[in-house]
Amino acid sequence: MSEIVKKFMYLNRKAPYGTIYAWESLEVVLIGAAFDQEVSLMFVDDGVYQLTKGQDTSGIGMKNFSPTYRTLGDYEVKNIYVDRASLEARGLTQDDLVAIAWEDFETEEEVENIVEVIDSDRARELMEESEVVFSF
Amino acid sequence: MSVLHTVNKSPFERNSLDSCLKFAQAGSAVLLIEDGVYAALTGTSVEERVKEALGSVKIYVLGPDLSARGFSDQRVISGISVVDYATFVDLSAEHGKVQAWL
């Protein structure tokens, strides 16, 4: 759609359900996929809670949107980063998070899980490298 | 009559839980709801603060909000009671005054 390609980062820092930020962020990622940019998703602070397994919202009357994260590969998002320090402060490990699969439609290369837990130095670098950051 | 305090935000996002615990009188109750439920989980950087509070106030956490976020009763700090909405109502009636920490 566009010939200009920029490095977009979606920076997620809020927990799901208590506020609308997490859902809105995901919606923008999906809609923004139409623009064929180089997208990465970064989860830090309470944002790491968006990726937890086993979310069951039947008791609170809200839509469970966690399955949508697992379709991100279909929208050609392959860079998903989670801040390790944020996980640790919350008593979480990568095992508590969903796995997001990705497949290259041309080469058929498959990656079982593109969720990458990174340390703060790497997160800092990635933020610096991004040309556009959407904060939620 | 003792107060029921409610905290609906994550202890990592806001200092609402901290303030609540500072001002809640011994013998009152604290109910964690919405994003506030994260404070009830084991292994967090606020676990010690919460366990210390159990020495003076009763702490409850709303089960449906825990489940929505992917957590079961098993990850709740021992001593915190997991309750449902019906019990939330009962607690509000029982305590007479509800003070919300936003």
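**Figure 1. Lys7(A) sits opposite Glu38(A), a partner in S2 of chain A.** This is a predicted model, and this first view takes us into the sheet of chain A. The two strands here, S1(A) and S2(A), run parallel and are joined by six bridges. S1 of chain A spans residues 7–12, while S2 of chain A covers residues 38–43. Of the six residues in S2(A), five are buried, so the rest of the structure largely encloses this strand.

**Figure 2. Moving across from S2 to S3 in chain A, Phe43(A) finds its bridge partner in Val82(A).** S3 of chain A is made of residues 79–83, and four bridges tie it to S2 of chain A. These two strands also run parallel. In general, strands in a sheet pair through backbone hydrogen bonds, and the pairing can be parallel or antiparallel.

**Figure 3. Five strands of chain A make up an open sheet, ordered S6-S3-S2-S1-S7.** The pairing is parallel. Which strands stand at the edges? They are S6 (115–118) and S7 of chain A; each has a single partner strand, so one side of each has no neighbour in the sheet. From one strand to the next, the twist averages 25 degrees. Helix H1 of chain A, residues 21–32, packs on this sheet and touches S1, S2 and S7 of chain A. Its direction makes about 165 degrees with that of S1(A). Helix H4 of chain A (residues 120–129) lies across S1, S2, S3, S6 and S7 of chain A, and runs at about 135 degrees to S3(A).

**Figure 4. Zooming in on Phe8(A), a residue of strand S1 in chain A.** Is Phe8(A) buried or exposed? Phe8(A) has 21 C-beta neighbours inside 10 Å, so it counts as buried; the cut-off for that is 20 or more. Setting aside neighbours within four places in sequence, Phe8(A) is in contact with Gln37(A), Glu38(A) and Val39(A), as well as Ser130(A), Val132(A) and Phe134(A). Take Phe134(A): it is 126 residues away from Phe8(A) in sequence, yet their C-alpha atoms are 7.6 Å apart in space.

**Figure 5. Over to Val133(A), which lies in strand S7 of chain A.** This strand holds residues 132–135. Val133(A) counts as partly exposed because it has 13 C-beta neighbours inside 10 Å. Once neighbours within four places in sequence are left out, Val133(A) is in contact with Met9(A), Leu11(A) and Met127(A). Asp104(A) is another story: 29 residues separate it from Val133(A) in sequence, and the two are 25 Å apart, C-alpha to C-alpha.

**Figure 6. Here's the largest nonpolar core, with 54 residues.** Which residues have the most contacts inside this core? From chain A they are Leu41(A), Met42(A) and Phe43(A), and from chain B they are Leu32(B), Val37(B), Ala40(B) and Val61(B). Beyond its neighbours within four places in sequence, Leu41(A) is in contact with Tyr10(A), Asn12(A), Val29(A), Val77(A), Asn79(A), Ile80(A) and Tyr81(A). As a general point, nonpolar side chains tend to be buried together in soluble globular proteins.

**Figure 7. Where chain A meets chain B, 19 residues of chain A are in contact with 20 residues of chain B.** On the chain A side, the residues break down into seven nonpolar, seven polar and five charged.

**Figure 8. Chain B has an open sheet of five strands too, in the order S4-S3-S2-S1-S5.** The pairing in this sheet is parallel. S4 (81–83) and S5 (97–101) of chain B stand at the edges with a single partner strand each, so one side of each lacks a neighbour in the sheet. On average, neighbouring strands here are turned by 25 degrees against each other, ignoring direction. Four bridges join S1 (residues 3–7) to S2 (residues 29–32) in chain B, and these strands run parallel. Leu4(B) has Ala29(B) in S2(B) as its bridge partner.

**Figure 9. Helix H1 of chain B (residues 16–23) lies across S1, S2 and S5 of chain B.** H1(B) runs at about 165 degrees to S1(B). Its buried residues are Ser16(B), Leu17(B), Cys20(B) and Leu21(B). Looking down the axis of H1(B), these buried residues fall within an arc of 130 degrees, so they line one face of the helix. The cover over them includes S1, S2, S5 and helix H2 (47–53) of chain B. On the face of H1(B) turned away from the buried side, you'll find the exposed residues Lys22(B) and Phe23(B).

Conventions:
Residues are numbered from 1 along each chain as its sequence is written. Chains are lettered from A and ligands numbered from 1 in the order in which they are written. This is a predicted model: local features need pLDDT of at least 70, side-chain atom pairs count only at pLDDT 80 or more; totals for chains, interfaces and linings use all residues. Two residues are in contact if their C-beta atoms, placed from the backbone, lie within 7 Å. Ala, Val, Leu, Ile, Met, Phe, Trp, Tyr, Cys and Pro count as nonpolar, Asp, Glu, Lys and Arg as charged, and the others, Gly among them, as polar. Two strands pair if DSSP finds at least two bridges between them. Axes are lines fitted to C-alpha atoms, for helices over the stretch in contact, and angles run from 0 to 180 degrees between N-to-C directions. A residue is buried if 20 or more other C-beta atoms lie within 10 Å of its own, exposed if 12 or fewer, and partly exposed in between; C-beta atoms are placed from the backbone. The arc is that of the directions from the helix axis to the C-beta atoms. A nonpolar core is a set of buried Ala, Val, Leu, Ile, Met, Phe, Trp, Tyr and Cys residues joined through C-beta atoms within 7 Å.
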